[in-house]
Every structure is written in C-alpha cells, then in structure tokens.
Amino acid sequence: MTVSHHLPMVTMISAMTNDRTIGATGGGIPWHLPRDAAHFRRYTANKHMLLGRKTFDEMTGWFTSQTPLVLTSQQHYQPQIGAAVHSIESAIEMVATSGGDELVVSGGAQVYAAALPYADRLLLTFVDAAIEGTVFFPDFNAVARWRTVAEEHYPADGENRFAMTFVTLDRVRGPGNA
Ligand SMILES: NC(=O)c1ccc[n+]([C@@H]2O[C@H](COP(=O)([O-])OP(=O)(O)OC[C@H]3O[C@@H](n4cnc5c(N)ncnc54)[C@H](OP(=O)(O)O)[C@@H]3O)[C@@H](O)[C@H]2O)c1
C-alpha cells in the first residue's frame, strides 16, 4: 500500500545585508539585533527547521519548541536534539511523515543554496548595515520570480543598532518559472 502525504510547505528564513551577506569570517552572524532574533524564534516555534551541520553547531542550547533536522554528509552523525538528514528530500519527507505542514530552512549558506529550488516562500530580514561578508545567501532573483506579499520597516533604535526590513516573498509559479 502506498501512503500519500501532503507535502509540507518549504520556507526559508534568513537575515542579510542588501548584498546578501549572512555571515562573517570565523562563523557567527555579524550583528546583534534583538528584534530579528525574536522574529526568528517566534516564526520557528513548534516547527521543523532544516540546518546545516555548521550552523547547528553554532546554535547549541538555542532550541525550545523547534525540531532541528541537521543536514550532514556524515553517515553516523547524531545531533543531541532532533535528527540527522542527508538530503533536502529526506528532510521534507520526514516532516510529511510526522504530520508537519512546514519545513523552515534556516541556513547556513550551503543549506540555503541546496534548498532554494524547493522553496515556496522566503522570509528575509534586510539589515541596513555595511559589513564585509564572507558568507552569502544565494542570488534568489536569478533563479525564480518572487512576489512581495508583506514588507515591514523598522528604524534603528536603542536596542537594534541597524534599521531592518522584514520582507515575505512568494515564488511565482507559471510558464517560464521554476
Ligand atoms: N544571517 C543568517 O540568517 C544566518 C542563518 C544561518 C547561518 N548563518 C551563518 O552561516 C554560516 C554557516 O554557513 P555555511 O554555509 O558555512 O555552513 P552550513 O550550511 O551551516 O553547514 C554546512 C554543512 O552542512 C552539511 N551540508 C551542506 N550541504 C549538504 C548536502 N547537500 N548534503 C549533505 N550535507 C550537507 C555539511 O555538513 P558535514 O560537514 O557534517 O557533512 C556541511 O559542512 C555561519 O557564519 C552562520 O552564522 C547566517
């Protein structure tokens, strides 16, 4: 008997500068923005997240209600929380079999690049900072058309040193588009 599941929606969440910088040399995210951190935690609550093994290592102790699926090529890797996966497809399948309706791709650069072909929606925080980046989000406009469905701007304030804009983009499906 074939069991069919509804495929979960694939969203990607990321914070980047206007030139798509998401990380700096030595790892880590090159800004401290409580507003964006709160948005990230709230959006991922009670959901499956897909993380590269390097980003997962940086997030030790961060998870509360989230289930991390850790993408790795290491066959015997066992994360302390969540599960290891070895492909984007198996991550999507794992969410489907557990009855979830969304996979939130949460970086880093390698994972964003590998998952972009599957993404239905992008939740991007554009950070108004000039930073010499070494790690970049893929050029999403080069591979598909996206429609802006929401946009919210916040100026810098006492807690958030840089202005930021939260943008939600949905993939435009149809002739000529992937
Ligand atoms: N600004 C943001 O929103 C944001 C979000 C997340 C991360 N970041 C930053 O991004 C940087 C890390 O990005 P990164 O690209 O270096 O690393 P990454 O994507 O987090 O992790 C890379 C690792 O994932 C595994 N992997 C990647 N593609 C795979 C595939 N197709 N199949 C199997 N395994 C695969 C490999 O693990 P193994 O080596 O175990 O095989 C690889 O070494 C950090 O600076 C982090 O802070 C920024």
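Let me start with strand β3 and strand β6 (residues 102-105), which pair in the parallel sense over 3 bridges, where pairing means that DSSP finds at least two bridges between two strands, and where strands are DSSP runs of E with at least two residues and helices are runs of H or I with at least four, numbered from the N terminus. Within this pair, M49 has V104 of β6 as its bridge partner.

Before going on, I should say that this is a predicted model, in which local features need pLDDT of at least 70 and side-chain atom pairs count only at pLDDT 80 or more, while totals for chains, interfaces and linings use all residues. Residues are numbered from 1 along each chain as its sequence is written, and side-chain values use heavy atoms, with hydrogens and water left out.

Turning to β4 (residues 67-71), this strand also pairs with β3 in the parallel sense, over 5 bridges, and H48 stands opposite T67 there. Between the two strands the chain passes through helix α2 (residues 53-58), in a β-α-β crossover that is right-handed, that is, clockwise from the first strand over the helix to the second when the strands point away from the viewer.

As for burial, 5 of the 5 residues of β3 (48-52) are buried, meaning under 20% relative accessible area with a 1.4 Å probe and protein chains only; H48, L50 and G52 lie on one side, M49 and L51 on the other.

Stepping back, 8 strands form an open sheet of mixed pairing, in the order β5-β4-β3-β6-β1-β7-β10-β9. β5 (83-85) and β9 (146-154) each have a single partner strand, so one side of each is left without a neighbour in the sheet.

Note on methods. Buried means under 20% relative accessible area, exposed over 50%, partly exposed in between (1.4 Å probe, protein chains only).
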